[in-house]
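Please examine the fold below with attention to its sheet pairing and its nonpolar packing.

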Amino acid sequence: KLVVNGAIGKIRGLVGDTEGKIYLYHYYGNEKDKKYKAGLYNVIQLHEFGLNSISAKYLAEKNMYLVLSGGTDNMVCLSILGEHLMQVYKIPDAHTSVIRSVQLLRFGKEILGLSTGYDQKIHVWKIIHDENIKHRIEWICHPIASAETGVNDTNVIRCVKSADSMNIIVAGSGLDYYLSLIHI
């Protein structure tokens, strides 16, 4: 489960399931009484099979969410969610095996996505917004780095940022730590 707080109209929470879907939830109720309920807003089929990991970033300047997901179909999906906008970019065979964990993060002015899976690799994706395309918002998910982890049964990927580098931690049956994998 992942709960997302932000300012987009009705979207307030995301949940992934074992069939590759994400469920978008909103809150509704009476502001005066401060009584709110969660209700299902939308369901999106992202993956062919189970969805293992979701990471979301709210972009206040664009009033939208970026959602990165990874699943048992070896695919990474980048979804752009707004009040009236929804685009999904699927990257088939992003890994050679099941993707276990993804993370979206800001690194300076860049938006990056991290993914790792049972293939014991880390992929770093640069997410590019092209504002030159008229009447359309285009996001491109482009791989900029890859590394072998050596971690068996990978379960989680996390990043600690400093001013000019990222420290990526991958955990599973073992623990591996990459120091300054990326310099931007």
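The report goes from the whole chain to one sheet and then to the cores.

This is a predicted model, in which local features need pLDDT of at least 70 and side-chain atom pairs count only at pLDDT 80 or more, whereas totals for chains, interfaces and linings use all residues. Residues are numbered from 1 along each chain as its sequence is written, and side-chain values use heavy atoms, with hydrogens and water left out.

The protein chain has 0 helices and 15 strands, assigned as DSSP runs (helices H or I, at least four residues; strands E, at least two) and numbered from the N terminus. Of its 184 residues, 44% count as buried, that is, under 20% relative accessible area with a 1.4 Å probe, protein chains only.

An open sheet of 4 strands follows the order S5-S6-S7-S8 with antiparallel pairing, where pairing requires at least two DSSP bridges between two strands. Because strand S5 and strand S8 stand at the edges with a single partner strand each, one side of each is left without a neighbour in the sheet. Within this sheet, 6 bridges join S6 to S7, and Leu66 stands opposite Ile80 in S7.

Leu66 and Val76 touch the most other members of the largest nonpolar core, which has 15 residues; such a core is a set of buried Ala, Val, Leu, Ile, Met, Phe, Trp, Tyr and Cys residues joined through side-chain atoms within 4.5 Å. Each strand tabulated here supplies at least two residues of this core.

| Strand | Residues |
|---|---|
| S6 | 64-71 |
| S7 | 76-81 |
| S9 | 99-107 |
| S11 | 121-130 |

A second, separate core of 13 residues includes Leu114, Ala145, Met166 and Val170.

Methods. Buried means under 20% relative accessible area, exposed over 50%, partly exposed in between (1.4 Å probe, protein chains only).
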